[in-house]
Amino acid sequence: MTRRNSVQPKAIAVSKEQSGQATMWRVLWLGVLSLVMVMAQMLSAQARPESLAPLAEEISPAVVNITTSTVIEGRTGPQGIVPEGSPFEDFFREFQDRNGGNNGGNGNRPQRSSALGSGFVISEDGYIVTNNHVIADADEIQIEFFPGDGQPIELLPAKVIGTDPNTDIALLKVEASAPLKFVTFGDSDTARVGDWVVAMGNPLGQGFSLSAGIVSARNRELSGSYDDYIQTDAAINRGNSGGPLFNMDGDVVGVNTAILSPNGGSIGIGFSMASNVVSKVVVQLKEFGETRRGWLGVRIQDVSDDVAEAMGLEDAKGALVTDVPEGPSKEAGLQAGDVILSFDGEEVKNTRSLVRTVGNTEVGKTVRVVVYREGKTETLKVTLGRREDAEREASTTTGGDDSEAPKVTEKELLSLSIGVLTDKIRGELNLPAGTDGLVILSVNEVSEAWEKGLRAGDVITEAGQQKVSTISGLETRIAEAKEAGRKSLLLLVRRNGDPRFVALNLLK
């Protein structure tokens, strides 16, 4: 026992010494690791190129100039690069063609007009992407390739493979004697505000030119349901249209399409259609010569806060169905007043997200659509049609024969003067025969109804998501909403055939 006790203090001392050494080694190791990480960051920063010249040399052979010519009948002035009625007419002003001032008194004779733009090669066999407005209505399209050192400029004729006016994208094709240098699409969703980008093209017809800047904003909308623009301060001028916007890896993240400018020149606000939109369009143009977008077959509007409250929804999200014409959704059982919460497994945030998701979905695919209806969710299966077919087959509004009109009654409700529809009113409003509902005869101009856009001539077809055609029916819906503790009443209102939902406060 005595011998064992005499050894114990020494063992304890050794244990403490070993523990201290281990702690010291851990501290040293952490210090070394931190130093290595700092040095790695410094080396990485130093490794970044101080010049964009290597990137320019890599991508420039795939960028092209585009010259189009068009025969203009009875031309009386210089012809512009943008066809009349183009959605981007406000962004691209007219270019004078090269012979515009030499025609003397021959302004009424057919003449040939030229226009300039840019593009880029996406395959070695000669497929080229540009803007639709650059080549629209052109009789001839010439592609000018970036000249190499000591090499002459090469010109090749191009044919149009397909166009998509909705995204202002066109796909061209040239036949070259050798494989062409090309660039690839990058993932535009990874582009962050503040990332460096490079634009290349043919600004103002001055020849190949490069400009650099940053991504100024994302997800900009300009003119359509499929818009997804990257805003950049890289200099984009007339003639850059259709040219590529590159990231620092040399991938195309956008197609330069529009500028915002009071004077026609670059002021640092340019817009490029995101590559993730363009690449999908290009695939369809290459395969079919046209786009084939999915079609759900409903009219929709965003869910506002007051509409959500009136329907008993917790959050103002989803897409509110205002009308279900003949088509896929009607066959699947969707109804006006449904709120689409999910489409093919993806959450629907608003109408824009639904339109884009549906458009990117394969035609003929059967998808699950989750809707909110009368306080609960339902899942429906919808087989998508094709939007382009539906647009072509859209019929014009037709009228009908008048029938015996009921006695007109009217009453002041919800700051509205409301009357029953008569055949005479149907005729004045160009409504189809048999249209039921209540017509708004006048609106108090200091009321909430006026602020929300209701006007005389609007037709109320539903109240509280139930059809109404009599004054008493509307009064019943108002009473039911108040009894249920609702603060507002949801009305389905039609104007010139277009439906929309409006929630009116019942407490005012």
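**Exercise 1. Find which residues Val129 is in contact with, leaving aside its neighbours within four places in sequence, and place Val129 in a core.**

Solution. Begin with the term itself: contact means heavy atoms within 4.5 Å. With the neighbours within four places in sequence left aside, Val129 is in contact with Gly119, Phe120, Ile122, Ile169, Ala170, Leu171, Phe185, Gly242, Val255, Val278 and Val282. The model is a predicted one, in which local features need pLDDT of at least 70 and side-chain atom pairs count only at pLDDT 80 or more, while totals for chains, interfaces and linings use all residues. Residues are numbered from 1 along each chain as its sequence is written, and side-chain values use heavy atoms, with hydrogens and water left out.

Next, turn to the core, where a nonpolar core is a set of buried Ala, Val, Leu, Ile, Met, Phe, Trp, Tyr and Cys residues joined through side-chain atoms within 4.5 Å. Buried means under 20% relative accessible area, exposed means over 50%, and partly exposed lies in between (1.4 Å probe, protein chains only). The largest nonpolar core has 25 residues, and Val129 and Phe246 are those with the most contacts inside it. Among the elements that give two or more residues to this core are strand E3 (127-131), strand E7 (169-173) and H4, and H4 provides the largest share, 5 residues. Helices (H or I, at least four residues) and strands (E, at least two) are DSSP runs, numbered from the N terminus. Another core, of 22 residues, lies apart from this one and includes Val443, Ile460, Ile478 and Leu506.

**Exercise 2. Decide for Ser60 and for Ser442 whether the residue is buried, partly exposed or exposed.**

Solution. First locate Ser60, which lies in the loop between H2 and strand E1 (63-72). Its relative accessible area is 6%, and therefore Ser60 is buried. Leaving aside neighbours within four places in sequence, Ser60 is in contact with Phe146 and Met200.

Then locate Ser442, which lies in strand E24 (residues 438-443). Ser442 has a relative accessibility of 35%, so it counts as partly exposed. With neighbours within four places in sequence again left aside, Ser442 is in contact with Leu416, Ser417 and Ala456. From Ser442 to Leu454 there are 12 residues in sequence and 9.1 Å in space, C-alpha to C-alpha.

**Exercise 3. Work out how E19 pairs with strand E17 and with strand E20.**

Solution. Recall that two strands pair if DSSP finds at least two bridges between them. Strand E17 (residues 339-343) and strand E19 (residues 366-373) run antiparallel and are joined by 4 bridges, with Ser342 standing opposite Val370 in E19. On the pairing of E19 with strand E20 (residues 376-383), 8 bridges are found in the antiparallel sense, and here Val367 stands opposite Val382 in E20. E19 and E20 form a hairpin with 2 residues between them, and Glu374 in the turn has a positive phi of about 50°.

**Exercise 4. Describe the protein chain as a whole by its helices and strands, its buried residues and its contacts.**

Solution. Start with the elements: the protein chain has 11 helices and 28 strands. Continue with burial, where 44% of the 508 residues of the protein chain count as buried. Finish with the contacts between residues at least 6 apart in sequence, of which 62% join residues at least 24 apart.
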